[in-house]
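Reader: I would like to learn how to read this model feature by feature, beginning with how far each part of it can be trusted. Could you give the general idea each time, and then the case at hand?

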Amino acid sequence: MTESGQNEPAALCEVDDSGLAHITLNRPNQLNAFNVQMRDDLFAILTELHANPDLDAVLITGAGERAFCSGADLTEFGTAPSRVIAREARYLRDVWSLLRSLPVPTVAAMHGFSIGSGLEMALCCDFRIATDDARFRLPEVALGMIPFATGSQSLPRVIGRAQALDLLLTSRWFDAEEALRMGVIHRVIPAERLAEMTNTLLAETRRLPHEARAATKAALRRGADVTLAEGLRIEAALAATL
């Protein structure tokens, strides 16, 4: 992919005839750092995908050779009119909820650096594949903050509280093999085979019935924070729809 120019979108999306949406984080010169424009572009893209009746799967990748997403663009810190306005904008354009609630399978194909909100974005996806040279970090606590792109909630739900505390309260780097052992990612792939193996995974899940996939995702999402009895009622109701 070519390096993005100053006036290009910070995130791009193409939907092919089969219903596969390919979202590209498009700031390679900045290691695809997450800025206000990227948030707004992703919000518009994901809102449109939610309204697309032909959507069948979503793939997210990062442009360039060096990073999936290097986290928040620190050059924008302090540029918002106030912290209150910044928080309001974040909740009005809740990219993470839109991503988590998509009814179709979502895959993050990660290479290079996946840091902070970049890793948190991937944690909102159903599948995370990474190259064997990928490196990860959640640096927010070291910067005097807490993860603000779902990380404090999504990470312990994915890998458990103890391992989440280890990563968050040390802010240390970890590699793809450790990420795989902890369950942060699902598969580790040689860099030259990332596209091939991503297509294989997409084919595996896309061959299953669309309605059953959507109902299964809904059952897991809606049952995550309720009692077992309530979760079983959710399961029964969704099963009846099939």
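**Confidence, cores and salt bridges**

Author: We begin with confidence, expressed as pLDDT, the predictor's confidence in each residue, from 0 to 100. Over residues 1-5 the pLDDT stays under 50, and for them the model has 13 contacts beyond four places in sequence, a contact being heavy atoms within 4.5 Å. Residues 80-91 also have a pLDDT below 50, and this stretch has 9 contacts in the model beyond near neighbours in sequence. For the chain, the mean pLDDT is 90, and 90% of the residues reach 70 or more. This is a predicted model, in which local features need pLDDT of at least 70 and side-chain atom pairs count only at pLDDT 80 or more, while totals for chains, interfaces and linings use all residues. Residues are numbered from 1 along each chain as its sequence is written, and side-chain values use heavy atoms, with hydrogens and water left out.

Reader: How many residues does the largest nonpolar core have, and which helix gives the most to it?

Author: In soluble globular proteins, nonpolar side chains tend to be buried together. A nonpolar core is a set of buried Ala, Val, Leu, Ile, Met, Phe, Trp, Tyr and Cys residues joined through side-chain atoms within 4.5 Å, where buried means under 20% relative accessible area, exposed over 50%, and partly exposed in between (1.4 Å probe, protein chains only). Here the largest core has 46 residues, and those with the most contacts inside it are Leu 42, Leu 49, Val 58, Met 110, Phe 136 and Val 184. Helix α1 (residues 36-50) gives the most to this core, with 5 residues; helices (H or I, at least four residues) and strands (E, at least two) are DSSP runs, numbered from the N terminus. Apart from this core lies another, of 11 residues, including Leu 20, Ala 57, Leu 59 and Ala 109.

Reader: Which residues does Leu 49 touch, if those up to four places away in sequence are not counted?

Author: Leu 49 touches Cys 13, Val 15, Ala 21, Ile 23, Leu 55, Val 58 and Leu 102 on that count.

Reader: Where is Thr 150 found, and is the residue buried or exposed?

Author: Thr 150 is found in the loop between β8 (135-137) and α5 (151-159), and is buried, with a relative accessible area of 15%. Although Thr 150 is not a glycine, the residue has a positive phi of about 85 degrees. Ser 171, likewise not a glycine, has a positive phi of about 55 degrees; this residue is found in the loop between α6 (161-170) and β9 (174-175) and counts as buried at 6% relative accessibility.

Reader: How many salt bridges does the structure hold, and which parts of the chain does the pair of Asp 56 and Arg 206 link?

Author: A salt bridge is a side-chain nitrogen of Lys or Arg within 4 Å of a carboxyl oxygen of Asp or Glu, and the structure holds 11 of them. The side chains of Asp 56 and Arg 206 meet in one of these, at 2.7 Å, N to O. That pair links distant parts of the chain, with Asp 56 in the loop between α1 and β3 (57-62) and Arg 206 in helix α8 (residues 194-206), 150 residues apart. Asp 56 is buried, with a relative accessible area of 13%, whereas Arg 206 counts as partly exposed at 22% relative accessibility.
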